[in-house]
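I opened the model to look up a few local features, and these are my notes in the order in which I made them.

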Amino acid sequence: MMKLGCMSLSYNQEFKAGHLDLEGFIDRAHELRLDGIDLHTRAFASESPDYLRNIRMQALKRGLALSYIGVSSNFGVPAGEQLDEQVSSARHWIDVAEFMGIPLVRVFAAWIPEGDTEEAVWARMIPCLKEVAAHGREKGVVVGLHNHNHGCVTRTGRDVRRIIEEVDDPYFSHILDTGQYVGSPGATGQRGHEDPSLNFYGSIAETAPLAVHVRCKIYRIQSGTEEWLDYPRIFEILRGVDFNGWCSIVYEGQDVEAEATAVPKAVNYLRGLMDA
């Protein structure tokens, strides 16, 4: 049975304004009767052992799984200290996940710096991802590659497959983002308009068999139905590959509707499709 979760960034504005913290997010997820939550590193007020234990205990008492920690990595930065810091950060959060009993850590691949080439970025990215995956394997934490456009090298399903094949580690898997393949209405420059020539649903279908977690982007839910993405079609793809994991809400429509009203609508909408 697919499970429904929510990413802490769905309440990004409330976190930034100081109206919500991680403890409050856990309580809200419980009120929404979610199955679990995803935590971006920015949601942590501390990394002290006592704080991490308390977060884990609160989630347990609310009956919520902690499904992954999201690290905003970039292995396309120049070689040297900057790149070493990216690797160290990913390794650190894998250690945090191990301590908290969280099975999955999200990473991004790489953005191409101005004046650099994709081939050069690829050449320094792959060894970093191999190192991070090996650390995850040592700690028993899976590393999930998150597809992204906006200049990232994971623009298409083919790109994601190539990276996973080159890293070639059983602890390196895929976190599928329904709105972040190039051509999506949520992709760079699209703002609600799909580019059919880029076939982003084809990219979803290409990597769905690899996915251990699905980020369900929500952009326009005022009516109670997501308007930019075709979720009946997406769930048909997921069911076609017998996906049985997490479908987690990531709300990004703050420019048109407040998080407090939009996220509950997304919960009702996706729950209905999952139970259909």
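I began at threonine 188, which touches Asn149 and His150 (contact means heavy atoms within 4.5 Å), leaving aside residues up to four places away in sequence. This is a predicted model, in which local features need pLDDT of at least 70 and side-chain atom pairs count only at pLDDT 80 or more, while totals for chains, interfaces and linings use all residues. Residues are numbered from 1 along each chain as its sequence is written, and side-chain values use heavy atoms, with hydrogens and water left out.

Threonine 188 sits in the loop between S6 and H7 (helices are DSSP runs of H or I with at least four residues, strands are runs of E with at least two, both numbered from the N terminus). I noted threonine 188 as partly exposed, at a relative accessible area of 48% (buried is under 20%, exposed over 50%, partly exposed in between, with a 1.4 Å probe and protein chains only). From threonine 188 to serine 67 I found 121 residues in sequence and 27 Å in space, C-alpha to C-alpha.

Next I looked up two residues with positive phi that are not glycine. Arginine 33, with phi near 60 degrees, lies in the loop between helix H2 (22–31) and strand S2 (36–40), and is exposed at a relative accessible area of 56%. Aspartate 242 has a phi of about 60 degrees, belongs to the loop between H8 and strand S8 (246–251), and is exposed at 65%.

I then turned to helix H5 (residues 118–139), whose 22 residues should span 32 Å at 1.5 Å a residue (the expected span being 1.5 Å times one less than the number of residues), and the end C-alpha atoms are 31 Å apart, which agrees. Among the buried residues of H5 I listed Trp122, Met125, Leu129 and His135, and what covers the buried residues includes helix H4 (81–100) and strand S5 (142–146). After H5 comes glycine 140, with a positive phi near 75 degrees.

Last, I checked how helix H7 (residues 200–207) packs with helix H8 (residues 231–240): the angle is about 25 degrees and the axes are 9 Å apart. H7 and H8 are therefore roughly parallel (angles under 35 degrees count as such, over 145 as roughly antiparallel, 65 to 115 as roughly perpendicular, the rest as oblique). Tyr201, Ile204 and Ala205 in H7 meet Arg233, Ile234 and Ile237 in H8.

Note on methods
Axes fitted to C-alpha atoms, helices over the stretch in contact; angles between N-to-C directions.
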